[in-house]
Amino acid sequence: MSTSAETEVLARRYRALLRAYPKAWREQRGDELLGTLLDAAEPGRRRPNVRESASIVVQGLRERLGLRRRSPGAVWSEGLRIGALLVLGEAFAEALVVLYENMDQPAHAAAWYGAAVPVGGAAIAALVMGRTVVAAVLTGVWAVVPAGHGELPWTVMTALLVLTALSLADRGRQRISAVWLGVVPVTVLLWFGYHLLTGEFFRPAGVLLYPFALLLAVTAGVLADPRLPVAVACLSVVVMLDSTLHVAGPLYGSAAQGVPPVDLRPQTTVFAAITVVLLTIGHLRARRLARI
């Protein structure tokens with residue numbers, strides 16, 4: 001095989017690896033990176049080595065997920081938006097479950113339960129598109145849509161507080177990578193998977209999603225992405241509020257009989273401490289990466 005033919009084979013294989021990068025990035029800088037890779041390759045070489053291939057894919061995924069050097073303020077902003085998406089994803093899964101459980105209800109009652117689904121979907125879409133103010137308004141509507149709760153839905157309320165803070169801080173027009181939308185179907189599958197295994201529905205943030213998210217946040221936050229600890233701190237706040245505050249929602253009737261409005265328990269302190277630790281990890285790691 002001639003040298004030019006070997007170079008073309010190597011270039012084709014490099015292009016396949018470069019698909020790990022976002023399309024817009026490839027259009028702007030793909031040819032430049034490809035030329036650099038080909039210039040550095042020794043004559044006659046036909047395929048990238050394992051280390052080089054892994055490096056291209058990892059860097060491409062980092063770019064696709066937005067893992068670039070950024071200021072601590074940007075890390076907080078992006079981490080909180082991802083955290084809002086996490087809790088909205090769980091709330092959306094919960095709305096689907098409530099609708100599923102009430103399918104045998106009269107049509108007008110099922111319609112009330114199902115009202116949370118389009119509102120929640122619109123709020124999630126607005127957040128991903130960078131319309132944080134719109135997402136905050138829709139989330140506020142979502143918080144009072146009847147969905148079978150006797151208490152305020154702390155998932156939605158936490159997201160509302162986060163989105164409102166971002167809007168007031170004028171950090172509300174930044175998009176989220178569509179990759180993060182994967183948290184929504186994963187959470188829905190967790191809800192229904194738990195039901196199939198146990199016959200019951202339970203909040204995956206407290207039982208399934210939260211422990212794995214916490215482990216991922218600490219590990220990935222220290223090693224690569226400081227946004228994840230900030231995001232999972234939002235889940236910690238949800239779990240803390242769920243176990244501590246029992247406030248009747250404006251359209252849901254009254255809270256359970258005999259349950260105090262504020263129930264301070266040991267786990268309240270534990271989840272509050274975890275929240276502080278996660279935010280500290282994210283902030284310190286962001287400051288360090290900003291200096292690199």
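**Exercise 1. Check the length of helix H6 (residues 116-128) in this predicted model.**

Solution. Start with the residue count: H6 has 13 residues. Next, take the rise of 1.5 Å a residue and multiply it by one less than the number of residues. That gives an expected span of 18 Å. Finally, compare this with the model: the end C-alpha atoms of H6 are 18 Å apart, which agrees.

**Exercise 2. Which residues of H6 are buried, and which residue with positive phi follows the helix?**

Solution. Apply the cut-off first: buried means under 20% relative accessible area. In H6, the residues that pass are Ala-116, Val-117, Val-119, Gly-120, Ala-123, Ile-124, Ala-126, Leu-127 and Val-128. Then look past the end of the helix: Gly-130 follows H6, and its phi is positive, near 90 degrees.

**Exercise 3. Classify Val-141 as buried, partly exposed or exposed, and find the surface patch that contains it.**

Solution. Locate the residue: Val-141 sits in helix H7, which covers residues 132-144. Its relative accessible area is 40%. Because partly exposed lies between the 20% and 50% limits, Val-141 counts as partly exposed. Now for its partners: Val-141 joins Val-133 and Val-137 in a nonpolar surface patch of about 250 Å².

**Exercise 4. Describe the whole chain in terms of elements, burial, surface and contacts.**

Solution. Count the elements: there are 13 helices and zero strands. Turn to burial: of the 292 residues, 44% are buried. For the surface, the accessible area comes to about 15,300 Å², with 64% of it belonging to carbon and sulfur atoms. Last, consider contacts with a separation of 6 or more: 76% of them link residues 24 or more positions apart.

Terms used:
Residues numbered from 1 in each chain as written. Predicted model: local features only at pLDDT ≥ 70, side-chain atom pairs only at ≥ 80, totals over all residues. Heavy atoms only, no water. Patch = residues over 30% accessible without salt bridge, like charges linked within 9 Å, V, L, I, M, F, W, Y side chains within 5 Å. Areas by Shrake-Rupley, 256 points an atom, 1.4 Å probe, with all protein chains shown as cover. Salt bridge = Lys/Arg side-chain N within 4 Å of Asp/Glu carboxyl O. Helix = DSSP H or I, 4+ residues; strand = E, 2+ residues; numbered from the N terminus. Buried < 20%, exposed > 50% of the residue type's maximum accessible area, 1.4 Å probe, protein only. Contact = heavy atoms within 4.5 Å.
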